[in-house]
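Me: I would like a close look at one part of this protein, namely the enclosed space inside it and the residues around that space. Please set it in the context of the rest of the chain.

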Amino acid sequence: MRFFVIRLSFVALFAGAVLNAQPTGARIPEVHATSFSNEAVNLPEVLKGKVGVLVLGFSRDSREADSAWGKRLAVDYRESPTVVYYEMPLLAAVPRMVRGFVVKSIKSSLPASEQARFVVILENEAAWKTVTHYGRPDDPYLLVVDSQGSVVWQTQGAPTDAAYAVLKQHVEAARAQLGTPSTR
């Protein structure tokens, strides 16, 4: 019985962490960058009439979890005309002297099919930390953003089936606000 209570408490705590992630209403910082496929990415402008999902990583150790989120998002939204997602490592804190090497290393590790969804952020790290409620450097931070660039929902941590299901619910709710059908 004690094991059951402990396990139930853990499940409740985890579900609460995922399900209680709240909208912040904060606007994302502007981004004027280029994806790894050399496409201009200007946020929030790119989101006009769409829903955005931004996967932000603040450390090298968050890369594996960031990538896992990106792979899940690609399955459901790579071809979506109404959902845009980006993996966005923040490298503003990386010394300028080695940034080029770090960026080349990241790009060379990605297949061409993922490069359009990959945007390196080199400025406004403090603003991104504020928007994401940054606290754990090795966690990925996910933002669901409306067509005006306002955060409607967010969470952090490695992807799980439960966390991804909640993310999809919020993406579909944001898409419904646009008056767009929920088909991919």
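Reply: A cavity, as the word is used here, is a set of grid points where a 1.4 Å probe fits but cannot get out, and its lining residues are those with an atom within 4 Å of a point. The model is a predicted one, and a search of the whole structure finds 1 cavity of 30 Å³ or more. The space in this largest cavity comes to about 40 Å³.

Its lining is made up of V55, L56, G57, R63, D66, E87, M88, P89 and F118. Three elements, β3 (51-57), α2 (63-77) and β4 (83-89), each give two or more residues to that lining. Sorted by class, the lining has 5 nonpolar residues and 3 charged ones, together with 1 polar residue; glycine is counted among the polar residues in this scheme.

To place those elements in the chain, it helps to read the fold in order. The protein has 5 helices and 6 strands, and along the sequence they follow the pattern α-β-β-β-α-β-α-α-β-β-α. Of the contacts between residues at least 6 apart in sequence, 71% join residues at least 24 apart. Buried residues account for 43% of the 184 residues, while the accessible surface of the protein is about 10,000 Å², with 57% of it belonging to carbon and sulfur atoms.

The loops on the way to β3 hold two backbone features that deserve a careful look. In the loop between β1 (31-34) and β2 lies N38, a residue other than glycine whose phi is nonetheless positive, near 65°. N38 counts as exposed because its relative accessibility is 63%, the cut-off for that term being over 50%. Further along, the loop between β2 (40-43) and β3 contains P44, and the peptide bond leading from L43 to P44 is cis, with an omega near 5°.

Later in the chain, H133 lies in the loop between α4 (125-132) and β5, and this residue, again not a glycine, has a positive phi near 60°. Strand β5 (residues 140-145) then runs antiparallel to strand β6 (residues 151-156), the two being joined by 5 bridges. Within this pair V145 stands opposite V151 of β6. The two strands form a hairpin with 5 residues between them, and in its turn G149 has a positive phi of about 90°.

Definitions and conventions
Residues numbered from 1 in each chain as written. Predicted model: local features only at pLDDT ≥ 70, side-chain atom pairs only at ≥ 80, totals over all residues. Heavy atoms only, no water. Helix = DSSP H or I, 4+ residues; strand = E, 2+ residues; numbered from the N terminus. Buried < 20%, exposed > 50% of the residue type's maximum accessible area, 1.4 Å probe, protein only. Contact = heavy atoms within 4.5 Å. Areas by Shrake-Rupley, 256 points an atom, 1.4 Å probe, with all protein chains shown as cover. Pairing = 2+ DSSP bridges. 1 Å grid on protein atoms, 1.4 Å probe; cavity = no way out; pocket = protein on both sides within 12 Å on 5 of 7 lines; lining within 4 Å. Points joined across faces, edges and corners; volume = space filled by probe spheres on them.
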